[in-house]
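The following exchange examines how the terms applied to a structure rest on their definitions. Please consider the structure first.

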Amino acid sequence: MAEVKDTIPANRRVFIANAVVTLASFQYGVDFGLIGGLQAMKGFLEVFGFPAPKTPNGWNLTTERQQLISSLMTLGAFLSSGGAGFLAIKLGRRHCLWLACVLCCVSNIIMMTTEHIIVLYVGRFINGLANGLFMTFAQLYIQETSPAKYRGLFLTAFQFGTSFGTLCGTIIDWATAKRPGKSAYLIPLGIIYIVPAFLVVALFFIPESPRWLLLNGRRAEGVKSLARLRPDGADVEDEAAVIVAAIDKEKELSNGIGIIDCFRNPIDRRRTIIAIGGVTSQAATGSMFIIAYKAYFFTMAKVADPFGMSCVLSTIGLLALIINSLFVVRYGRRRVLLMTGLLVCGVLQLIIAVVYDKNPGTKSTGRVIVALTSLYMFSYNGMVAPSAWLTGGEMPSQRLRSYTFGLAAAIGFFMAWLTQFTAPYFINPIALNWGPRYGYIWFPSATVTAVWVYFFLPEAKGRKLEEVDEMFEHKIPARKFRKYVCVGPLRAEEKLSRVATQEEATVQTVEVAQK
């Protein structure tokens with residue numbers, strides 16, 4: 001048999017499939033970029049805010065409204081991602097993404113047609129349900145279809161989609177912010193329909209996740225799906241056999257498939273806790289405070305052209321992800337990147353707080369804050385964000401993947417919600433008015449999380465998901481994962497079979513000799 005090439009052109013079909021699914025992260029980013037900017041738009045504030053002559057643009061939002069507009073989306077995402085395991089019982093990854101597209105369009109219709117704050121809250125909550133499905137099931141699809149060699153690249157591209165979407169949303173806000181009246185925010189909201197409309201059609205042209213099909217006993221469909229995703233001539237029957245063997249081996253430990261089973265035995269409990277810790281490490285840096293409120297934050301810090309500076313911030317974050325995809329994915333390790341990123345982000349938050357505390361409200365301080373925040377976004381997007389989602393997705397077991405990763409994503413969204421909900425109390429002038437001093441909270445948080453990463457997070461770079469299963473089943477310590485030599489579930493069975501055959505042959509030979 002001719003050797004199967006493992007190049008990007010040879011794997012073009014899985015690249016195309018994952019590019020389609022990555023649009024889900026782009027949609028999530030667009031939403032973040034748009035909504036964060038709306039809260040600093042005069043046109044939006046004239047409808048949902050109140051006159052505030054002392055603020056830079058003459059209008060403001062109450063702390064309560066600011067909290068709920070941002071945090072209800074994250075609360076919705078928490079609920080829908082937490083229910084991922086239950087949805088996955090009957091629905092495949094593609095069907096859940098179709099459901100997300102429908103919910104996204106429904107929520108947008110609600111937000112565009114109302115001037116009542118309660119109805120706007122409902123729209124934001126439904127939008128959160130959609131975003132939770134987008135982020136959870138798109139990443140599950142990528143994790144389950146990617147060859148080990150390209151999994152890090154695909155998930156970095158996924159994070160790139162989020163950042164690029166945020167940049168696009170921020171630029172759209174910047175372009176419409178000075179328009180008079182409601183059109184300032186209705187135009188950005190109208191653009192939200194584009195991605196779901198395209199995604200609904202594109203999903204028909206990519207296969208369902210082969211691992212989900214094999215887990216549900218649909219072997220023929222699973223093999224067919226693998227054949228559509230792998231290079232021509234690849235032994236998809238062998239890959240399917242290895243996946244099924246790993247699933248069967250897990251079932252020997254525990255047959256249960258449910259949220260309680262994520263904690264029932266020590267192996268699954270360890271994997272679940274590590275997945276949750278990996279995903280929620282993002283929140284430990286205070287990233288949601290910067291991402292969700294950057295335009296408002298810059299406005300209240302009296303930074304010149306806050307919308308323009310928000311665009312600069314998003315562009316720098318995007319540049320960091322490009323560098324990550326070119327160099328770090330190939331040479332860097334998850335643990336080292338995540339630990340370093342957490343420490344750098346924590347220190348930068350501390351410096352921002354100290355600088356503003358010493359000389360608040362001046363132009364020179366504003367420029368320093370923009371520079372430091374830009375370094376923060378470069379570090380966060382280049383090291384923390386892609387590594388956090390990646391490690392969280394690599395840790396779950398085969399049979400509990402939907403439940404474990406859904407739970408990890410849900411807790412990650414909950415921590416993001418908590419940040420968004422409490423941030424206005426700290427930064428709003430009518431509340432505590434800390435502004436950038438809020439960074440004092442995030443330095444110890446990021447430092448403690450970096451220590452946890454060092455002691456408890458395993459290194460899974462370049463490993464097949466079946467190899468990760470094997471290492472957890474053998475209870476390998478986190479810091480020994482990188483150098484451990486795996487046998488593989490199917491290969492182990494073959495070795496045992498050969499030993500048994502040899503022993504049987506030996507017995508037969510002895511019996512013949514005795515006769």
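Q: Why is Asp232 called exposed?
A: Asp232 has 56% relative accessibility and therefore counts as exposed, given that exposed means over 50% relative accessible area, buried under 20% and partly exposed in between (1.4 Å probe, protein chains only). The model is predicted: local features need pLDDT of at least 70, side-chain atom pairs count only at pLDDT 80 or more, and totals for chains, interfaces and linings use all residues. Residues are numbered from 1 along each chain as its sequence is written, and side-chain values use heavy atoms, with hydrogens and water left out.

Q: What makes the contact of Arg12 with Asp232 a salt bridge?
A: The closest N and O atoms of Arg12 and Asp232 are 3.9 Å apart, and a salt bridge requires a side-chain nitrogen of Lys or Arg within 4 Å of a carboxyl oxygen of Asp or Glu. The pair is therefore a salt bridge. Arg12, at 42% relative accessibility, counts as partly exposed.

Q: How do you know that Arg271 and Asp469 form a salt bridge, and are they buried or exposed?
A: The N to O distance between their side chains is 2.6 Å, which satisfies the salt-bridge definition. Arg271, at 2% relative accessibility, counts as buried, as does Asp469 at 1%.

Q: Why is Arg230, the salt-bridge partner of Glu239, called buried?
A: Arg230 has a relative accessible area of 6% and is therefore buried, whereas Glu239, at 22%, is partly exposed. The closest N and O atoms of this pair are 2.9 Å apart.
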